[in-house]
Amino acid sequence: MEYYAGPTPAARIVTKKAHPNRSKFEMRLITKEVLHVDPELLKSVSDFVPNTTKEQLFNPTANAIGRGVGGIFAWIFQKPIKYGIIKEKEFADLANKTSDELKKIPEENKDDSKKGLSIKTLESAKYSMDNEQLRRWFAKLLSSTVDNRVNKIVSPLFPTVLSNMSPTDAKFLYLLKSKNTIPVLILAANVKNNPGQSVPITHEIVDESYPGNTHRYGDFGSQIDFLSSFGIIESSTSFLGNTSLVSAAAKASYNSIKSTNLFKHAESKYAPEGYNITVVEGYAKLTSLGESFIDVAMPK
């Protein structure tokens with residue numbers, strides 16, 4: 001992957017779309033309303049899903065957990081579907097994916113003690129309904145809120161993080177999950193006669209093939225800024241050289257950037273102005289909060 005050097009990125013503006021500060025009293029009122037949802041409302045939204053999902057979430061014969069989740073679906077999505085804000089096929093896909101995730105939970109582990117988190121998760125999902133990959137993440141997170149094996153580590157922050165995620169953010173988290181810690185680098189221009197003066201000329205770059213023998217670099221500066229702002233990952237690059245990873249694979253990842261067109265383009269652009277191009281070495285890794293987020297929200 002080739003891309004052009006540019007200015008350092010501004011921090012992404014994060015909007016807390018999912019009402020993260022609802023009071024416990026408000027949540028109790030909402031939960032009471034959801035669990036006593038109008039049967040006609042249930043029918044109106046359940047008509048969009050296949051029979052297997054309908055039986056799991058919307059039919060009177062569904063178990064208590066299924067009915068509760070189905071009620072939340074109906075309460076949250078009925079009007080957006082009615083007014084064409086959310087497409088019926090997107091709603092059906094999320095309901096189907098959620099039904100599939102619920103089927104994986106043993107009956108003895110189903111638990112509705114976190115209704116407020118279930119509601120918040122589906123409220124947040126409204127903002128990502130147009131992306132199939134993120135619907136999978138929301139289905140997984142929603143099912144985790146009713147699974148007593150993991151719902152103790154579901155933070156109220158997680159639906160907000162997920163509602164602000166892009167597919168590229170998800171891609172970066174898959175990279176981190178498989179490696180836990182990965183090398184990150186930035187290209188910088190140094191004044192030839194004053195090596196202490198360095199100016200970043202790229203965003204954070206990650207070797208997507210790490211730790212393989214081939215190297216494919218991508219710009220993940222926005223993803224690192226975003227996920228760091230929520231405490232999901234920790235990342236650092238330093239001109240002092242104290243943030244480098246020391247493994248042979250990491251060193252190969254840092255050094256191989258010098259053979260790319262990106263590095264050569266930077267040299268041809270800045271060398272005539274009296275600059276040397278150097279590689280600033282760093283890392284990114286999941287935090288303990290990030291590991292919990294992966295456990296409860298990332299589809300297998």
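Select strands S1 (residues 181-191) and S6 (residues 275-286). S1 and S6 pair in the antiparallel sense over 11 bridges. To check the register, click Asn 190 and look across to S6, where its bridge partner is Asn 276. Keep in mind that this is a predicted model.

Stay on S1 and add strand S3 (residues 205-207). This pairing is also antiparallel, over 2 bridges. Leu 185 has its bridge partner in S3, namely Ile 205. Now turn on the surface. S1 is mostly covered, with 9 of its 11 residues buried.

Step back to the loop between H9 and S1, and select Asn 180 there. Its phi is near 70°, a positive value in a residue other than glycine. Is Asn 180 buried or exposed? Asn 180 counts as partly exposed because its relative accessible area is 35%.

Next, move into helix H9 (residues 167-179) and pick Leu 176. Leu 176 counts as buried because its relative accessibility is 0%. What does Leu 176 touch beyond four places in sequence? The contacts are Ile 182, Ile 233, Ala 284, Lys 285 and Leu 286. Ile 182 belongs to the S1 range, residues 181-191. Now measure from Leu 176 to Ile 294: the C-alpha atoms are separated by 9.9 Å, although the two residues are 118 apart along the chain.

Now show the largest nonpolar core, which has 73 residues. Highlight the residues with the most contacts inside this core: Phe 73, Phe 77, Met 165, Phe 172, Leu 173, Leu 187 and Phe 293. Helix H4 (residues 64-82) gives the largest share of the core, 7 residues. Then center on Phe 293. Beyond four places in sequence, Phe 293 touches Trp 137, Phe 158, Val 161, Leu 162, Met 165, Leu 173, Ile 232 and Met 298.

Follow Trp 137 into helix H7, where Trp 137 is one of the buried residues. H7 covers residues 132-145. Its 14 residues should span 20 Å at 1.5 Å a residue, and the end C-alpha atoms are 20 Å apart, so the two values agree. H7 is largely enclosed by the rest of the structure, because 11 of its 14 residues are buried. Color the buried set: Leu 134, Arg 135, Trp 137, Phe 138, Ala 139, Lys 140, Leu 141, Leu 142, Ser 143, Ser 144 and Thr 145. At the start of H7, zoom in on Asn 131. A side-chain oxygen of Asn 131 comes to within 3.1 Å of the backbone nitrogen of Gln 133.

Go on to helix H10 (residues 221-229). Its buried residues are Gly 221, Gln 223, Ile 224, Phe 226 and Leu 227. What do they pack against? Their neighbors are helix H8 (157-164), H9, S1, S3, strand S4 (217-219) and strand S5 (233-237). Just after H10, select Gly 231, which takes a positive phi of about 75°.

One more loop is worth a stop. Between S3 and S4, find Pro 211. A cis peptide bond joins Tyr 210 and Pro 211, with omega about 5°.

Finally, zoom out to the whole chain. The protein chain has 13 helices and 6 strands. Of its 300 residues, 49% count as buried. The chain exposes about 14,400 Å², and carbon and sulfur atoms supply 51% of that area. Among contacts with a separation of 6 or more, 76% come from residues 24 or more positions apart.

Key
Residues are numbered from 1 along each chain as its sequence is written. This is a predicted model: local features need pLDDT of at least 70, side-chain atom pairs count only at pLDDT 80 or more; totals for chains, interfaces and linings use all residues. Side-chain values use heavy atoms; hydrogens and water are left out. Helices (H or I, at least four residues) and strands (E, at least two) are DSSP runs, numbered from the N terminus. Buried means under 20% relative accessible area, exposed over 50%, partly exposed in between (1.4 Å probe, protein chains only). Contact means heavy atoms within 4.5 Å. A nonpolar core is a set of buried Ala, Val, Leu, Ile, Met, Phe, Trp, Tyr and Cys residues joined through side-chain atoms within 4.5 Å. The expected span of a helix is 1.5 Å times one less than its number of residues. A polar contact is a pair of N or O atoms within 3.5 Å; within protein, one must be able to donate a hydrogen and the other to accept it, and residues adjacent in sequence count only if both atoms are side-chain atoms. Two strands pair if DSSP finds at least two bridges between them. Accessible areas come from the Shrake-Rupley method with a 1.4 Å probe; for residues, only the protein chains shown count as cover.
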